[in-house]
Amino acid sequence: MYHEQLVTFAAYNRWANQRLFEAAAALGPERFAADRGVFFHSTLGTLNHLLATDRIWMQRFTSAGEAPSRLDAVLFETFEPLREARAAEDARIEAYIGSLTEAALAGTFRYTPISKPVPVEGRLGPALFHLFNHQTHHRGQAHAILTGFGLPAPGLDLIAFIRETGRD
């Protein structure tokens with residue numbers, strides 16, 4: 001039930017992140033780091049937050065990999081290393097999702113949130129949907145920053161991905 005949808009979301013996530021980073025490359029270092037009033041201040045902060053939280057969730061799911069201890073961690077101060085790390089994390093997410101079975105997705109896992117450190121138990125499938133929904137939320141903020149600078153921002157709609165890639 002979940003697996004096919006999550007495989008699509010993992011591919012969409014990679015596609016949307018690639019498009020967003022291609023557009024963000026036009027910002028240059030000063031505008032990339034400029035505080036634009038969004039929750040994580042800048043494109044730099046927002047895209048670092050997404051990488052940080054993906055690493056946190058993937059460490060929870062897999063018990064492997066490095067994960068920061070803060071949601072506002074700045075893992076990379078400059079664009080290119082951040083873009084390379086994002087691409088690597090997206091590949092890691094796709095491989096992980098591809099390896100899962102429906103039984104695993106219906107299973108539970110335990111973790112302790114950073115924002116409220118009380119142990120939580122939940123099903124894996126819905127937590128993975130959260131991972132992708134969270135990406136969409138903050139990509140929207142980065143998209144707004146691009147348009148706020150008067151730059152063209154890419155279409156990131158799921159339906160555009162489906163049409164472009166032939167998934168349905």
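Let's start in the middle of things, at Leu47: setting aside residues up to four places away in sequence, Leu47 touches Leu20, Phe21, Phe32, Leu82 and Ala142. Keep in mind as you look around that this is a predicted model.

Leu47 makes a good entry point, since Leu47 is listed with Leu27, Phe32, Leu82 and Leu146 as the residues with the most contacts inside the largest nonpolar core, a set of 19 residues. Helix H1 (3–24), helix H3 (43–62), helix H4 (79–99) and helix H6 (124–148) are the elements that give two or more residues to this core. Apart from that core lies another, of 18 residues, which includes Trp57, Phe109, Tyr111 and Leu124. As background, nonpolar side chains in soluble globular proteins tend to be buried together.

Now go to Thr46, which is found in helix H3. Is Thr46 buried or exposed? The cut-off for buried is under 20% relative accessible area, and Thr46 comes out at 0%, so Thr46 counts as buried. Which residues does Thr46 contact, once neighbours within four places in sequence are left aside? They are Val38, Phe40, His138, Gln141 and Ala142. Ala142 also turned up among the residues that Leu47 touches. For a sense of distance, take Thr46 and Ala25: they sit 21 residues apart in sequence, and their C-alpha atoms are 14 Å apart in space.

Time to zoom out to the whole fold. The protein chain has seven helices and two strands. Reading from the N terminus, the order is α-α-α-α-α-β-β-α-α. How do contacts spread along the sequence? Take those in the protein chain between residues at least 6 apart in sequence: 72% of them join residues at least 24 apart.

What about overall dimensions? Along the principal axes, the C-alpha atoms fill a box of roughly 45 × 40 × 25 Å. A compact globule of 168 residues would have a radius of gyration near 15 Å, and the protein chain has 16 Å, so the two agree.

Finally, a look at inside versus outside. Of the 168 residues in the protein chain, 43% are buried. The chain exposes about 8,600 Å², with carbon and sulfur atoms supplying 55% of that area. As for charge, there are 16 positive and 18 negative side chains, and the centres of these two sets lie 4 Å apart.

Note on methods
Residues are numbered from 1 along each chain as its sequence is written. This is a predicted model: local features need pLDDT of at least 70, side-chain atom pairs count only at pLDDT 80 or more; totals for chains, interfaces and linings use all residues. Side-chain values use heavy atoms; hydrogens and water are left out. Helices (H or I, at least four residues) and strands (E, at least two) are DSSP runs, numbered from the N terminus. The radius of gyration is taken over C-alpha atoms; the globule rule is 2.2 Å times the number of residues to the power 0.38. Buried means under 20% relative accessible area, exposed over 50%, partly exposed in between (1.4 Å probe, protein chains only). Contact means heavy atoms within 4.5 Å. Accessible areas come from the Shrake-Rupley method with a 1.4 Å probe; for residues, only the protein chains shown count as cover. Lys and Arg count as positive and Asp and Glu as negative; His and the chain ends are not counted. The place of a charge is taken as NZ of Lys, CZ of Arg, CG of Asp or CD of Glu. A nonpolar core is a set of buried Ala, Val, Leu, Ile, Met, Phe, Trp, Tyr and Cys residues joined through side-chain atoms within 4.5 Å.
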